[in-house]
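Trainee: Could you show me how to read a model like this one?

Mentor: Sure, let's look at it together.

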Amino acid sequence: MCVVCFVKALVHLFKIYLTANYTCNFRGWPVDFRWDDVRAAARGRSGHRALTCAAAAAGVWLLRGAALGEDAQGRPPRGARSQAQCLLQQIRELPGQLASYALAHSMGRWLVYRGSMFLMTRALLPLLQQGQERLVDRYRGRRAKLVACDGNEIDTMFMDRRQRPGSHGRGLRLVICCEGNAGFYEMGCLSAPLEAGYSVLGWNHPGFGGSTGAPFPQHDANAMDVVVKYALHRLHFPPAHVVVYGWSIGGFTATWATMTYPELGALVLDATFDDLVPLALKVMPHSWKGLVVRTVREHFNLNVAEQLCRYPGPVLLLRRTLDDVVSTSGHLRPLPSGDVEGHRGNELLVRLLQHRYPAVMAREGLAVVTRWLRAGSLAQEAAFYARYRVDDEWCLALLRSYRARCEDRQEDQEAWGPHGLAFPWLVGQGLSRRRRRQVALFLARQHLRNVEATHCSPLEPEDFQLPWRL
C-alpha cells in the first residue's frame, strides 16, 4: 500500500515539474507554425496570400481612424498646405506627440492591457499552470508556438472535438477565443464554448503568458493573423466552420479577424464595446481629455464598431446586464441591477443595424430600438416586444422575400459575398411606421441577447450560442 502511495506521489510531483517547465521553457520550444507557412494550394483556397518580407516589417493591414480624432476633421488636406505650414504644424504637435507616447507606453499600456504586467503574471502563475494541466489532461489540449509577421511568438492551445463531434455536430466547428485585457486562455473565456462541446483554439495576447512582445493593436492584429492562418492551413478547418469569439477588449481582434477574413463563419462578441475613447474618458481626469483622446487614437485605436460593420457574416452580441466595466452611465460606480442604458454594446448594435438595414433603422426604427435597449431583463424585453405586436414570421418572410428578389435579378456580381447578398440591404422601403418598428425590433432581438452576469463572470455554456442566420 505504501508503495502505491509513493508511486502516486511521485507521479504527482513529476506532473507538477512538467507543468512548470511547460511554462518556463516555452521560449525554447520549436516553432509549430509561422505566418508565412501557407502553401500555394491553401492560399488559393482561402483567397488570402502570405505577406511579403517588406510588408511583414510593417505588420498586417490595420484599420485606422483619424489619428487625432475630432480635431483632425477641420484640417485642410496635407497636399493643400505649403511645406512651411506643414513644418510649423509638426513643431506645434511635437509636445503633444511626446506626451501621448509617454502616456501610452507607461500608464496607458497597463490600463488597457493589464495582463501584460509582470507582477500579475507571477501572481497568477499557479492558476495558469493548473489551467494548462486541466486543458491538457481533461480535454487533450495541444499547445503550439506560432510566430507572427513581427517576430512575436504566440502561445496557443487547441482542443479538437472532430473525432467526437456530439449529437449536434458542434465539435466540427472551431471557436477561436480572443481574451480580455486581463485574460489568459488557461483560465479565460474559452471555457464556455469548450464545455458546450465545440472545438476551441485559445491564444494569449503578445506579452501575456507565454506570448512574447508588447500588447499594442498592431501586434495584436499580427498575432490574430497567424492564429487564423494556423486554424485554416494547419488545423484544416473550413472557413465556414470557424467562429470567432471575442470577450471584452478581445472584441478588437475578433472584429479585425472577421473583417480581414470575411469568409469566416460567424462572430460572437461578449461584453465588448464600440470604441475605447468613451471608456478611457470615464476613468481619466476631465482635464486630460485632449491628451487621452489623442493617446487612444494614435496608440490604442480599438475601433470595434467600425471593423464590425465591415464583416458581412452572422453576428451575435452578448450584453451583460450587470456589467459596469463597459458602461458610461456613471463615473466609476456600481450599476444597479438592470441599468443597461449606458452599456457601450448598445452603440455597437445600433451601428451594426444602421449599416446593414439603413431603411429599417431610419427614424422610427432607430427610436424604437433605442427604447428597447433600455430593457435590462428578459421580462421587460418581452413586454416591450409584445407591446408593438411584432410578428416574427411576417418579418422573416419580408427579409427572405427581399433576398429572393435580389437573387432573381443577379445584376451586380459585386453585391454578392461569401455569405450571400452583401450589405447594406434596402429592405423596408415603403413600409408603414408600425411595420418599420416591428422589423427593427425583430432584427435587434436577433442580433443582441441579454445575459444576467457581471463583466468578469464566467459565461455559462448554455449562454454561448451561434448567431442567427436568415
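What follows is a short talk about confidence, burial and one helix.

Mentor: This is a predicted model, where local features need pLDDT of at least 70, side-chain atom pairs count only at pLDDT 80 or more, and totals for chains, interfaces and linings use all residues. Residues are numbered from 1 along each chain as its sequence is written, and side-chain values use heavy atoms, leaving out hydrogens and water.

Trainee: What pLDDT does the protein average?

Mentor: pLDDT is the predictor's confidence in each residue, from 0 to 100. Here the average is 84, and 81% of the residues score at least 70. Over residues 40-47, though, the pLDDT is below 50, and that stretch has eight contacts (heavy atoms within 4.5 Å) beyond near neighbours in sequence. Where pLDDT is low, don't read the predicted coordinates in detail.

Trainee: How many residues of the protein are buried, as a percentage?

Mentor: Buried means under 20% relative accessible area, with a 1.4 Å probe and protein chains only. Of the 470 residues, 52% are buried.

Trainee: How many helices and strands are there?

Mentor: Both are DSSP runs numbered from the N terminus: helices are H or I, at least four residues, and strands are E, at least two. The protein has 16 helices and eleven strands.

Trainee: What span should helix α16 have?

Mentor: The expected span is 1.5 Å times one less than the number of residues. Helix α16 (residues 433-447) has 15 residues, so it should span 21 Å, and its end C-alpha atoms are indeed 21 Å apart. Its buried residues include V439, L441 and F442, and the cover over the buried residues of α16 includes α15 (392-409) and β11 (448-451).

How values were computed
Buried means under 20% relative accessible area, exposed over 50%, partly exposed in between (1.4 Å probe, protein chains only).
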